[in-house]
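Biologist: I am new to this one. Could you show it to me and explain the words you use as we go?

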Amino acid sequence: MSTATAEKVDDELWSAIGDPTRRRMLDLLLVEGGGTATTLSQQLPVTRQAVAKHLGVLDRVGLVRATPAGREKRYRVDDAQLARAVAQLASVGSAWDARLRRIKRIAEAIQRAQQD
Amino acid sequence: MEFGTIEREVFVEASPEVVFEVVSSPDHLKEWWPDDARYEATPGSRGEIVFGDRDAGGTVVAFSVVDVVPPRTFSFRWTHPDGEVAAEGNSLLVTFDLTPSGGGTLLKMTETGFREMGWEVAVLEQQYQDHFTGWDFYLPRLTAYVATLKVRP
């Protein structure tokens, strides 16, 4: 993939994920292992039609995958694509935050032990 | 946002000597990062770090020590292909800089090479995160990250 293409895809990905309602939807889909526009709209302060529209945006960037479920579609989060989106930026930094917290804890414990 | 570098700073209430030991020795490294670490803390030493169980599907990653200046600097390269010499363009460079500060140590970490290697490596980094593999960890950070997007021009 060329850099330009990657950037375009990432822009769309981030814009899809940048909406609070869509993030809440992803959250619910992850917690419940999937859902439909109807089940999601029952838990969110937006209409079923609005939820369906948001699901369409998430589907286009590959963050969710749809399977037919009766008259509706059932959506699941595409773990790989979400992992990719999150991994790219936020979690690389977070990984180091966590590692540095552990470094701090270990070093301070050693220092205290040496002073005792 | 700078995509090529990660920078972090933390104040540690311990002497630079102690902090240096914790960031550089393989025995300590595996307390705060991989499950196993095999290398000599000397410049040019080539070794490996292991995520998971080496004999049961674990991931073995190349690890080469670059600079060792106790108690000021420790740096290493990792993620280069097995058998290749670590260099700019094939690996990530992690540098720890230690500065004495008010009875403790200011520890600065930089990781560079993402721009050169591409973001597949960032995904790799994410896979190596010990202790934090669940979405309950990622999602709150996602929200925090997205909030920072709004200040971009």
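Modeller: Here is a short talk about how the terms apply.

Modeller: This is a predicted model, where local features need pLDDT of at least 70, side-chain atom pairs count only at pLDDT 80 or more, and totals for chains, interfaces and linings use all residues. Residues are numbered from 1 along each chain as its sequence is written, while chains are lettered from A and ligands numbered from 1 in the order in which they are written.

Biologist: Why are strand 1 and strand 2 of chain A said to pair?

Modeller: Strands (E, at least two residues) and helices (H or I, at least four) are DSSP runs, numbered from the N terminus. Pairing asks for at least two bridges found by DSSP; strand 1 (residues 64–69) and strand 2 (residues 72–77) of chain A have six, in the antiparallel sense, so they pair. One bridge joins R65(A) to R76(A).

Biologist: What makes these two strands of chain A a hairpin?

Modeller: Two residues lie between them, and G70(A) in the turn has a positive phi of about 65°.

Biologist: How do you know which helix of chain A has the lowest mean pLDDT?

Modeller: pLDDT is the predictor's confidence in each residue, from 0 to 100. Among the elements of chain A, helix 1 (residues 3–17) has the lowest mean, 55, and helix 3 (residues 37–41) the highest, 95. Over residues 1–8 of chain A, pLDDT stays under 50. Where pLDDT is low, the predicted coordinates should not be read in detail.

Biologist: And how many helices and strands are in chain B?

Modeller: Chain B has five helices and seven strands, in the order β-α-α-β-β-β-β-β-β-α-α-α along the sequence.

How values were computed. Contact = placed C-beta atoms within 7 Å.
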